[in-house]
Amino acid sequence: MLASLSDRTPCKSRVRRPPSAAALAEAERLLAEAERLRGTGSDSAAAARVVIDLSHYVAAADRLRTVPTPEEGHGE
C-alpha cells in the first residue's frame, strides 16, 4: 500500500474554461437539429402511428419457457 504513494507534487488540475464562441454555435446548431427531429411534422405523425406487434416475441418466449418432451426431440 505505501509503495503506491509518492512524494512528488500532485498533478495539476485541469483549468475550467468557458466554451468558445464556436463551441456555443455548434451546441446551438445541434439543439436546433434535435428540435427539428422531434418536431410535429409528417415524420413524427407517421411515427405516432407505428404499432409494434409482440405476438412473435410471445410465441418465441413461450417455446423457450417449456422443456421439450422426449417425443419432440431436438430435430434429430
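**Exercise 1. Find the partner of Arg65 in its salt bridge and place the pair in the fold.**

Step 1. Apply the criterion: a salt bridge needs a side-chain nitrogen of Lys or Arg within 4 Å of a carboxyl oxygen of Asp or Glu. Arg65 meets it with Asp62, the closest N and O atoms being 3.4 Å apart.

Step 2. Locate the pair. Both belong to helix H3, where a spacing of three residues puts about one helical turn between Arg65 and Asp62. Helices here are DSSP runs (H or I, at least four residues), strands are E runs of at least two, and numbering starts from the N terminus.

Step 3. Grade the exposure. Buried means under 20% relative accessible area, exposed over 50%, and partly exposed in between (1.4 Å probe, protein chains only). Arg65 is exposed because its relative accessibility is 61%. Asp62 reaches 35%, so Asp62 is partly exposed.

Before going on, note that this is a predicted model: local features need pLDDT of at least 70, side-chain atom pairs count only at pLDDT 80 or more, and totals for chains, interfaces and linings use all residues. Residues are numbered from 1 along each chain as its sequence is written, and side-chain values use heavy atoms, with hydrogens and water left out.

**Exercise 2. Work through the salt bridges of Glu26 and Glu33.**

Step 1. Start with Glu26. Its salt-bridge partner is Arg29, with the closest N and O atoms 2.7 Å apart. Both sit in helix H1 (residues 21–38), three residues apart, about one turn of the helix.

Step 2. Check their exposure. Glu26 has a relative accessible area of 35%, so Glu26 is partly exposed. Arg29 is also partly exposed, at 46%.

Step 3. Turn to Glu33. Glu33 bridges to Arg36, and the closest N and O atoms are 2.8 Å apart. Three residues separate them in helix H1, which means about one helical turn.

Step 4. Compare with the cut-offs. Glu33 is partly exposed at 32%. Arg36 is exposed, at 55%.

Step 5. Close the count. The whole structure holds three salt bridges.

**Exercise 3. Identify the residues of the nonpolar surface patch and place Val58.**

Step 1. Set the rule. Patch residues have over 30% relative accessible area and no salt bridge; like charges are joined within 9 Å, nonpolar side chains (Val, Leu, Ile, Met, Phe, Trp, Tyr) within 5 Å.

Step 2. List the members: Val50, Ile52, Leu54, Tyr57 and Val58, together about 560 Å² of accessible area. Areas come from the Shrake-Rupley method with a 1.4 Å probe; for residues, only the protein chains shown count as cover.

Step 3. Place Val58. Val58 lies in helix H3 (residues 55–65). Val58 counts as partly exposed because its relative accessibility is 41%.

**Exercise 4. Describe the whole chain and its confidence.**

Step 1. Count the elements: three helices and zero strands. The order along the sequence is α-α-α.

Step 2. Assess burial. The chain has 76 residues, and 0% of them count as buried. About 8,000 Å² is exposed, 60% of it from carbon and sulfur atoms.

Step 3. Read the pLDDT, the predictor's confidence in each residue, from 0 to 100. The chain averages 79, and 79% of the residues score at least 70. Among the elements, H1 has the highest mean (91) and helix H2 (residues 42–48) the lowest (61).
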